[in-house]
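I sat down with a fresh notebook page and this chain open on the screen. Here is what I looked up, in the order I went.

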Amino acid sequence: MDQMSIVARADGLFAPVSLGELTLSNRVVMSPMTRRRAGPGDTAGHLQAEYYAQRAEAGLLIAESAQVSPQGRDAAGTPGIHSAAQVAGWRLTTDAVHARGGRIMLQLWHVGRVAHPLLRPDGALPVGPSAIAAPGMAETPDGPRPYPVPQALSPAGIADVVAQFRAAAANARAAGFDGIELHAGNGFLLDQFLRASSNRRTDAYGGSIANRLRLLLEVTEAVCEVWPAGRVGVRISPINPWGGMQDSDPAALFGAAAAALSVRNIAYLHVAEARTRRPMFGWSRLRDRFGGAYIANGGFDRYCAEAALSSGRADLISFGRAFIANPDLVQRLRLGVALRPADPAVYYGGGAVGYTDYPSLSLQQRMMRPAYDWRRAALARLHWW
Ligand SMILES: Cc1cc2nc3c(=O)[nH]c(=O)nc-3n(C[C@H](O)[C@H](O)[C@H](O)COP(=O)(O)O)c2cc1C
């Protein structure tokens with residue numbers, strides 16, 4: 001491909017795009033990121049509204065995981081979407097983002113076994129597909145504690161989880177979001193049901209791939225009762241081992257998930273691919289099995305994003321950490337100016353510091369136009385495809 005056509009395709013990152021029922025102003029998506037700054041009652045408030053509004057230039061913001069129930073909470077400071085106060089709190093965010101012309105969806109999660117009784121108001125054990133503890137430690141008010149052996153969900157408990165997601169999806173609608181994303185990755189409850197390492201059930205929710213997919217599909221169908229499918233996305237992370245996630249055949253498992261979700265006509269599949277890309281996993285085969293939009297995530301910079309879009313391997317690109325310290329990331333990517341590094345020490349908890357206090361580009365910085373780095377662009381294409 002010659003240089004002119006690379007430039008023409010590169011513009012695609014900043015071109016409008018359809019995503020299910022939504023029309024987005026560009027293909028830059030803000031990946032969901034837990035920041036643990038919710039107020040009493042796990043409510044988002046003015047602080048979150050300011051944070052997301054600062055980033056509203058993204059084609060789509062996906063707000064951090066919100067727990068669908070008290071049972072689904074993992075740590076202090078994560079917001080919920082199961083109470084009237086939480087709905088009212090999130091309304092501040094959706095209004096602020098919409099006032100700036102942005103689009104925002106909410107990620108819904110239930111953390112399943114990666115929780116601790118000390119993090120639950122009722123002191124109850126966390127739940128999971130099977131009575132198998134996750135490796136690692138929970139951050140409790142009394143300090144780090146090993147994750148306990150969870151209570152294996154009964155069939156009635158599973159039905160209750162599905163109902164929790166349905167109710168939370170309805171709440172997200174009442175709060176003014178443009179859609180919802182189901183968190184089926186990163187070792188949380190829906191992922192725990194998908195993977196063989198955490199799911200040893202012998203009933204209709206365990207064993208075969210079709211059975212391990214059942215909860216995700218039931219939840220997807222439940223949320224599609226309160227949202228049009230064109231405003232629902234699902235996030236998966238096929239090779240992320242966090243939380244003790246393993247499967248003997250992730251390509252078969254997630255290929256089947258992509259195909260089954262495609263039949264349900266949801267808007268998008270959001271895939272945390274990992275920083276190394278790992279082409280041997282066959283990301284493009286996953287994408288080929290899904291009819292909606294494919295959002296790729298994990299370690300992208302401008303040049304890798306352009307390469308992924310211009311090859312047709314992804315429809316949109318989501319950026320996580322880059323959005324933390326660069327509220328005007330879209331503008332910075334467009335201008336090609338350097339990105340500020342984020343400070344991991346303030347990823348979680350606290351207030352405005354490391355959250356809403358990262359500056360946007362000054363007028364002078366916006367006037368600078370660094371030369372397009374053709375070498376990096378060519379390397380990104382070689383590295384990727
Ligand atoms: C502070 C922090 C919090 C995160 N919280 C979430 C989350 O709530 N839900 C989720 O799906 N991923 C979460 N992630 C993962 C990001 O969405 C993203 O997949 C990851 O940072 C890789 O993308 P990047 O290389 O562009 O940062 C989080 C990442 C970070 C750094």
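My entries start with the whole chain and then move to single strands, helices and loops.

**Ground rules**

I am working with a predicted model, where local features need pLDDT of at least 70, side-chain atom pairs count only at pLDDT 80 or more, and totals for chains, interfaces and linings use all residues. I number residues from 1 along each chain as its sequence is written.

**Whole chain**

I found 13 helices and 14 strands in the chain; helices (H or I, at least four residues) and strands (E, at least two) are DSSP runs, numbered from the N terminus. The radius of gyration is 20 Å, close to the 21 Å from the globule rule for 385 residues, so the chain is as compact as a globular protein of that length. That radius is taken over C-alpha atoms, and the rule is 2.2 Å times the number of residues to the power 0.38. I noted that the C-alpha trace spans about 60 × 40 × 35 Å along its principal axes.

Next I looked up burial: 47% of the 385 residues count as buried. A residue is buried if 20 or more other C-beta atoms lie within 10 Å of its own, exposed if 12 or fewer, and partly exposed in between, with C-beta atoms placed from the backbone.

I also checked contacts, where two residues count if their C-beta atoms, placed from the backbone, lie within 7 Å. Among contacts with a separation of 6 or more, 74% come from residues 24 or more positions apart.

**The barrel**

Which strands close into a barrel? I wrote down eight, in the order β3-β4-β5-β10-β11-β12-β13-β14, with parallel pairing. Two strands pair if DSSP finds at least two bridges between them. From one strand to the next the twist averages 25°; axes are lines fitted to C-alpha atoms, for helices over the stretch in contact, and angles run from 0 to 180 degrees between N-to-C directions.

I then zoomed in on β4 (residues 60-67), which pairs with β5 (residues 104-109) in the parallel sense over five bridges. Alanine 66 stands opposite leucine 108 of β5, and isoleucine 62 has methionine 105 of β5 as its bridge partner. Strand β3 (residues 28-30) runs parallel to β4 and is joined to it by two bridges, with methionine 30 opposite leucine 61. I see that β4 is mostly covered, since eight of its eight residues are buried.

**A hairpin**

Strands β7 (residues 137-140) and β8 (residues 143-146) run antiparallel and are joined by four bridges. A hairpin of two residues connects β7 to β8, and threonine 140 stands opposite glycine 143.

**Helix α7**

Helix α7 (residues 250-263) has 14 residues, which at 1.5 Å a residue should span 20 Å, and its end C-alpha atoms are indeed 20 Å apart. The expected span is 1.5 Å times one less than the number of residues.

Where do the buried residues of α7 fall? They are Pro250, Phe254, Ala257, Ala258 and Leu261. Seen down the axis they fall within an arc of 100°, so they line one face of the helix; the arc is that of the directions from the helix axis to the C-beta atoms. The face turned away carries the exposed residues Ala252 and Val263. The cover over the buried residues includes α5 (189-194), α6 (209-223), β11 (232-236), β12 (268-272) and α8 (283-288). After α7 comes asparagine 265, with a positive phi near 60°.

**Helix α4**

Helix α4 (residues 155-174) has 20 residues and reaches 29 Å from first C-alpha to last, close to the expected 28 Å. Among its buried residues I listed Ile158, Val161, Phe165 and Arg166. Their cover includes α3 (84-99), β5, β10 (179-183) and α6. Just after α4, glycine 176 takes a positive phi of about 95°.

**Loop between β3 and α2**

Arginine 36 sits in the loop between β3 and α2 (46-54), and so does aspartate 42. Neither is a glycine, yet arginine 36 has a positive phi of about 50° and aspartate 42 one of about 55°. Are they buried or exposed? Arginine 36 is partly exposed, with 16 C-beta neighbours inside 10 Å, whereas aspartate 42 is buried, with 21.
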